Amino acid sequence: MTAPRAGRSRPRWAALVPAAVLVLVALCLRGPFTGAGPVLTELSAELSVPRAALAALTSVPLVLFGLVSPAAPALAARLGVHRAVLAGVLALAVGITLRPAGVAGLYSGTALLTAGIAVANVLVPAAARAEYGDRSAAAVGAAVASMGASASLGAGLAQPLATATGSARTGLTLWLAPVLVAVAAMALLARRRPVAPGAAVARPPVAAVLRDRVALAVTLFFGLQALSFYTMLSWLADVLETEAGVAPVTAGGLVAAAAALGVPCALLVPPLAARRAGQAGWIVGVGVPSTVAIAGLLLAPAAAPAVWALLWGLGTGAAFPLAMTLVLVRTRDVAQTGRLSAAAQSAGYLLAATGPLAVGLLYDTVGGWRPGLVLLLVLQAAQFAAGLAAARPRQVTEARRPERVR
C-alpha cells in the first residue's frame, strides 16, 4: 500500500490538490443520470417512443450501481486506485457521448455511464484514503457534498438546458464538458501516483468482506439509508400533493430544498463523526429527523408539510455521508476500504432499488400512501439497529479466511 501522503512536507495548496480533483470527479457522478427524469417527456417526443418505455432510465442506474460495484476493487488492484477512478470517469464520458444516438444510444450510453459512475463511487473514498490516510474524512465529506450538488444540478438544469439547446438529448450531452475536465485532472493526478509494488496481487472477493459482522452492519446501514432516500426522493412530492394538499410546484420546490440540505451535511458530518471512536450518537442524530418526518407525513401530513420535507432532507442528507464515514473508520487500509465500499454500495443500491418499487406498488394496490409510510417507519427501526451495530468502535477483520494469491 502506498503510504499516506498527509505527513509529507509540501505546500498547503499542493496538499489540497488531490482533494480538489476528487471533488471535481464527484461533481460528475450524479447529474448525468438525475438529469434524465425531468426531461422524459421531451425525450419521448424526440425519439418517437412512449414515455413509459423510457422510465427505466431513472431506475436502471440504481440496479447497475449494485451489479457493477463489486468489480471496482479488482480493477483498482490491477490498475491502482487512481487509475481505476480514471477508468470510471472515462467510461462516464463515453457513455454521455453515446446517448444522443437514438434509443439504442440512449440506453447503451446510460448503462455505460452508470457503470463508470459505480466504479468511481466505490473508489473515491479509497483514493482519498490513499492520499490522506487517517485524515481522509474531510476529503470524503467534500466529495459527498459535491455528489449532492451534482444531483441537484442535474435535476434542476435539465429543463433549462433542454430549452436553451432546443433538444433534451443535447442538453444531457452538455454534461460532457465538466466530465472531460475531470478526466484531464484525474489523469494528471494518476500520472503522479505510481502503482505500489504488489498492487496487482489478487485480493479476497468482495463477498468475503460480508462474512465479518462489522462489514455486514455497515452494509445494512448503507443500504437502508439509501432505500429511505431514493424512495422518498421518488414519491415525496406525490405524498405532499395527495396527503397534505400541497400544490405540485410547491411540492417540487420542497423536495429540491430538502435534497439540497445534503450538501452542508456532507461537509460537516464526516470530519466531525470521524473524531470519535464510536458513532452511536451520530446514528441517533441522523435517524431521528427522518423518523419524525415520516411519522408526521403519516399522522398529520397537512399540519406542517414544509417541516416534514425539510426534516426528511436533513436526516437523509446526513445519513449518506455518515455511511461513507463508517466505511472509512471501520477499515484498516486502502484495499480494505475499497472492498467494504464496494460491498456496501453493491448490496446497498440493490436494496435501495426495491424501495421506490415497493412503495409505488403499495400505493397502486391500496390507493393511498399510508401503507408505504408505515413500511418506511419499520425500515427506520431496522436502520437504527444496523447503524448502532456499525457505530461500535471496532474494525473489519476479514480474519476468518486468509487471503489467497490467485
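Helices here are DSSP runs of H or I at least four residues long, numbered from the N terminus. With that in hand, Val284 is found in helix H16. What you're looking at is a predicted model, so let's start with how far to trust it.

**Confidence**

The protein chain averages a pLDDT of 86, and 91% of the residues score at least 70. Two stretches do worse. Residues 1-7 stay under 50 in pLDDT, and the model gives them 18 contacts beyond four places in sequence. Residues 399-406 are also below 50, with 11 contacts beyond near neighbours in sequence. Where pLDDT is low, the predicted coordinates should not be read in detail.

**A greasy spot on the surface**

Back to Val284. Together with Val288, Val292 and Leu388, Val284 forms a nonpolar surface patch, and the four share about 270 Å² of accessible area. Which helix gives the most to this patch? Helix H16, spanning residues 280-299, does, with three residues. An α-helix has 3.6 residues a turn, so residues three or four places apart point the same way. Val284 itself has a relative accessible area of 38%, and because that falls between the 20% and 50% cut-offs it counts as partly exposed.

**One salt bridge**

The salt-bridge count comes to one. The partners are Glu46 and Arg169, whose closest N and O atoms are 3.2 Å apart. This pair ties distant parts of the chain together: Glu46 belongs to helix H3 and Arg169 to helix H10 (residues 168-173), 123 residues apart. Side chains of opposite charge can pair when their charged atoms come close. Neither end is hidden away: Glu46 is partly exposed at 28% relative accessible area, and Arg169 is partly exposed at 21%.

**Three loop residues**

Some loop positions are worth a look, and here is how they sit.

| Residue | Loop between | Relative accessible area |
|---|---|---|
| Ser48 | H3 (40-47) and H4 (51-54) | 66%, exposed |
| Ala56 | H4 and H5 | 27%, partly exposed |
| Ser136 | H8 (102-132) and H9 (137-165) | 3%, buried |

Ser48 has a backbone quirk: its phi is positive, about 55°, although Ser48 is not a glycine. Most residues other than glycine have a negative phi.

Ala56 reaches across the sequence. Leaving aside residues up to four places away, Ala56 touches Pro61 and Tyr107. Tyr107 is 51 residues from Ala56 in sequence, yet their C-alpha atoms are 9.0 Å apart.

Why does Ser136 count as buried? Its relative accessibility is 3%, and the cut-off for buried is under 20%. Beyond its neighbours up to four places away in sequence, Ser136 touches Ala128, Arg129 and Leu328.

**Two helices with buried faces**

Helix H5 (residues 60-68) buries Pro61, Leu62, Leu64, Phe65, Gly66 and Val68. What do these buried residues pack against? Their partners are helix H2 (31-34), helix H6 (71-79), H8, helix H13 (213-244) and helix H18 (334-366). Pro61 comes up twice, then: Pro61 is buried in H5 and is also touched by Ala56 from the loop.

Helix H11 (residues 176-191) makes a nice geometry check. At 1.5 Å a residue, its 16 residues should span 22 Å, and the end C-alpha atoms are 22 Å apart, which agrees. The buried residues of H11 are Leu176, Val179, Ala182, Val183, Ala185, Met186, Leu189 and Ala190.

Conventions:
Residues numbered from 1 in each chain as written. Predicted model: local features only at pLDDT ≥ 70, side-chain atom pairs only at ≥ 80, totals over all residues. Heavy atoms only, no water. Patch = residues over 30% accessible without salt bridge, like charges linked within 9 Å, V, L, I, M, F, W, Y side chains within 5 Å. Areas by Shrake-Rupley, 256 points an atom, 1.4 Å probe, with all protein chains shown as cover. Salt bridge = Lys/Arg side-chain N within 4 Å of Asp/Glu carboxyl O. Helix = DSSP H or I, 4+ residues; strand = E, 2+ residues; numbered from the N terminus. Buried < 20%, exposed > 50% of the residue type's maximum accessible area, 1.4 Å probe, protein only. pLDDT = per-residue confidence, 0-100. Contact = heavy atoms within 4.5 Å. Expected span 1.5 Å × (residues − 1).
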